[in-house]
Amino acid sequence: MILITGAKGLLGQEFVQHIPANQILSPSKEELDITSRQELQHYTKGKKIDVILNCAANRNAEQMEMDPGQSRAVSIDGPRNLAEFARDNGAALIHFSTDYVFDGKSNIPYKEQDPTGPLSAYGQLKRQGEEAVLEAGGTVLVIRTAWLFSAYGKDFVKTIRSLAQKNKEIRVIFDQVGSPCYAGDLARWVVEMLPQIKSGTREIYHLTNEGVCSWYDLAYLTVKGFGLATQVVPIHTHEYPQKAIRPHYSVLDKSKIKRDFNLQLRHYSDALTECIKQIILTEKK
Ligand SMILES: NC(=O)c1ccc[n+]([C@@H]2O[C@H](COP(=O)([O-])OP(=O)(O)OC[C@H]3O[C@@H](n4cnc5c(N)ncnc54)[C@H](OP(=O)(O)O)[C@@H]3O)[C@@H](O)[C@H]2O)c1
């Protein structure tokens, strides 16, 4: 069985769409809080877990900046619980992390072994979560992804659409550049990787769609993709002050994962077109 933790979140819901229902356990936070070892033991009792896809997280960077302590448990202790459980029960843990572990001072795509330097509490906690799961031993893949968009959950694409529907003009940051990733593609790729994961593997991988853009570019394509006439205006980071500092450059180099798992990644703009169709379809249901 595949256990999807945080299954009601953006990425969790994508996994639920991409794996047959009889192969998954997809508890809500209320059914399985990953920070509780007892709940984990109780929920999995009598079930053979082969893989854990840890999608449980707090990714509200602004809130975390004000109160990082509140998110320690879900970002570090919970992932460690899952890694130890996986190790003790012969399962593999796939844990998701972020491009925000980097400081953004590079101007070439970040490789897995590049030094980290998180600028925000969110980035720091995610980095500590990476270390915690890798230290636990067993079979662990840390997948750093970035800028997720999806038909499910709260994301940039739906936020931009909603703002563009209400305004003649929207202002979007152009001096933060990264690698967008359609969570539907991410789920598909991870499912494709599962049979290829070797027991005892402990690795970090970078995985997003191909292509590089700014939030402004992504907003521009989103507005066009929904057929809206809203003007998208590029602004600097300082014109949209936020508590959590984001890296100016956080493009991820995917060479390692493409090589090790023979993945064919597509450009984010093609994925965005599919995601927009999916959003419209989901609304019609
Ligand atoms: N979204 C992005 O742009 C992005 C970018 C880079 C990396 N990532 C990483 O990708 C992973 C998935 O993110 P996502 O976008 O799917 O996040 P999400 O939509 O916020 O989903 C996270 C889910 O985890 C649940 N959760 C929170 N605390 C929990 C706990 N203690 N036990 C069990 N479940 C808990 C949340 O429930 P509540 O909502 O009820 O709290 C929510 O359903 C995270 O590790 C994130 O850091 C995301």
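**Cavity, ligand and loops: a Q&A**

In this predicted model, Asn54, Ala56, Ala57, Asn58, Val74, Ser75, Pro79, His95 and Lys126 line the largest cavity.

Q: How many cavities of 30 Å³ or more does the structure hold, and what is the volume of the largest cavity?
A: Let's start with the count: there is one cavity of 30 Å³ or more. As for the volume of the largest cavity, the value is about 40 Å³.

Q: Which helix gives the largest share of the lining of the largest cavity?
A: The lining includes Val74, Ser75 and Pro79. Three lining residues come from one helix, spanning residues 72-88, and that is the largest share. The helix is α4.

Q: How many residues of each class are in the lining of the largest cavity?
A: Among the lining residues are Ala56, Ser75 and Lys126. Ala counts as nonpolar and Lys as charged, while Ser falls in the polar class. Sorted this way, the lining comes to four nonpolar, four polar and one charged residues.

Q: Which residues come nearest to the ligand?
A: There are 24 residues around the ligand. One of the nearest is Lys126, which also lines the largest cavity. The full set of nearest residues is Leu11, Lys29, Arg59, Tyr122 and Lys126.

Q: How many Å separate an oxygen atom of the ligand from a polar side-chain atom of Arg59, and from an N or O atom in the side chain of Tyr122?
A: Both Arg59 and Tyr122 are among the residues that come nearest to the ligand. A polar contact needs N or O atoms within 3.5 Å. For Arg59 the distance is 2.6 Å, and for Tyr122 it is 2.7 Å.

Q: Which residue has a polar backbone atom 3.0 Å from an oxygen atom of the ligand?
A: Here the protein partner is a backbone atom, whereas Arg59 uses a side-chain atom. The residue is part of strand β6, which covers 148-149. The name you want is Leu148.

Q: Which residue in the loop between β5 and β6 is buried or exposed, and what is its phi, given that it is not a glycine?
A: The loop between β5 (139-145) and β6 (148-149) holds Trp147. Trp147 has a relative accessible area of 9%, so this residue is buried. Its phi is positive although Trp147 is not a glycine, at about 45 degrees.

Q: Is Asn262 buried or exposed?
A: Asn262 is found in the loop between α9 and α10 (268-284). Phi of Asn262 is positive, near 50 degrees, in a residue other than glycine. The relative accessible area of Asn262 is 55%, and over 50% is the cut-off, so this residue is exposed.

Q: How many disulfides does the count come to?
A: A disulfide needs two cysteine sulfur atoms within 2.5 Å. Cys55 is in no disulfide, and its nearest cysteine sulfur, that of Cys181, is 12 Å away. Cys213 is in no disulfide either, with the sulfur of Cys181 again the nearest at 12 Å. The count comes to zero.

Q: Are Cys55 and Cys213 buried or exposed?
A: The cut-off for buried is under 20% relative accessible area. Cys55 has 15% relative accessibility, and Cys213 has a relative accessible area of 3%. Each of these values is under the cut-off, so Cys55 and Cys213 are both buried.

Q: Which side chain makes a polar contact with the side chain of Ser250?
A: Ser250 has its place in the loop between β12 and α9. At 1% relative accessibility, Ser250 counts as buried. The contact is 2.7 Å, and the partner is Asp99.

Q: How many Å apart in space are Val251 and Gln176, C-alpha to C-alpha?
A: Val251 lies in the loop between β12 (231-235) and α9 (255-261). Val251 is buried, with a relative accessible area of 2%. Val251 and Gln176 are 75 residues apart in sequence, and their C-alpha separation is 9.9 Å.

Q: What distance separates the C-alpha atoms of Tyr110 and Ala271?
A: Tyr110 sits in the loop between β4 (92-98) and α5 (121-135). Tyr110 is buried, at 4% relative accessible area. Along the chain Tyr110 and Ala271 are 161 residues apart, and their C-alpha atoms are separated by 22 Å.

Conventions. Residues are numbered from 1 along each chain as its sequence is written. This is a predicted model: local features need pLDDT of at least 70, side-chain atom pairs count only at pLDDT 80 or more; totals for chains, interfaces and linings use all residues. Side-chain values use heavy atoms; hydrogens and water are left out. Buried means under 20% relative accessible area, exposed over 50%, partly exposed in between (1.4 Å probe, protein chains only). On a 1 Å grid over the protein atoms alone, a cavity is a set of points where a 1.4 Å probe fits but cannot get out, and a pocket is an open set with protein on both sides within 12 Å along at least five of seven lines; lining residues have an atom within 4 Å of a point. Grid points are joined across faces, edges and corners, and a volume is the space filled by probe spheres set on the points. Helices (H or I, at least four residues) and strands (E, at least two) are DSSP runs, numbered from the N terminus. A residue is near a molecule or strand if one of its heavy atoms lies within 4 Å of it. A polar contact is a pair of N or O atoms within 3.5 Å; within protein, one must be able to donate a hydrogen and the other to accept it, and residues adjacent in sequence count only if both atoms are side-chain atoms.
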